[in-house]
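Welcome, and please open the structure in your viewer. We will walk through it together, one selection at a time.

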Amino acid sequence: MYLFSKNRYYIQFMSEENWIEVGSTDSIEEEDLIRFDHQDKTFCVYKLTDGFYATDGICTHEAVHLEDGLVMDDEIECPMHQGIFNIKSGEALSPPACEDLKTYPVKVDNDKIFIKID
Ligand code: FES
């Protein structure tokens, strides 16, 4: 019981550590995105009609930033070869993109956006 409680606390502590502040909720226009760099990784954080979402910021087809991509409903179109991904699931929907984007949990607290990085 003690170990379970101790491990549970540890997991919760680690979870809090992995929430990274991205910016304020008004820093992203609806149906748009911002690029967010943290350590050696790049992310895209999106504001859709039903909330905020986050994916890796680099296209899985080639190493191209998605920050200049076109957001259409729940999809992001890569600016290089127009591969399309579902923002919510990361699923690659249109060639030449065939490998899914990684997605990340997002929360809003006091008008600040946080993403959970593992
Ligand atoms: S680099 Fe994104 S589809 Fe080719």
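**A tour of the chain**

Among the contacts in the protein chain with a separation of 6 or more, 36% are between residues 24 or more positions apart. Keep in mind as you look around that this is a predicted model.

Start with the whole chain in cartoon view. You should find 1 helix and 11 strands. Following the protein chain from the N terminus, you meet the elements in the order α-β-β-β-β-β-β-β-β-β-β-β. Now colour by burial: of the 118 residues in the protein chain, 23% are buried.

Next, select β1, β11 and β10. These 3 strands form an open sheet in the order β1-β11-β10, with antiparallel pairing. Which strands stand at the edges? They are β1 (19-24) and β10 (106-109); each has a single partner strand, so one side of each is left without a neighbour in the sheet. Turn the view to follow the twist, which averages 30 degrees from one strand to the next.

Stay here and zoom in on β1 with β11, residues 112-116. The two run antiparallel and are joined by 5 bridges. To see one pairing, select E21, whose bridge partner in β11 is F114.

Now move to β2 (residues 32-38) and β3 (residues 41-48). This antiparallel pair is joined by 7 bridges. Select H38 and you can trace its bridge to K41 in β3. Finally, click on the turn: the hairpin of β2 and β3 has 2 residues between the strands, and Q39 takes a positive phi near 50 degrees there.

Technical notes. Residues numbered from 1 in each chain as written. Predicted model: local features only at pLDDT ≥ 70, side-chain atom pairs only at ≥ 80, totals over all residues. Pairing = 2+ DSSP bridges. Helix = DSSP H or I, 4+ residues; strand = E, 2+ residues; numbered from the N terminus. Axes fitted to C-alpha atoms, helices over the stretch in contact; angles between N-to-C directions. Buried ≥ 20, exposed ≤ 12 C-beta atoms within 10 Å, placed from the backbone. Contact = placed C-beta atoms within 7 Å.
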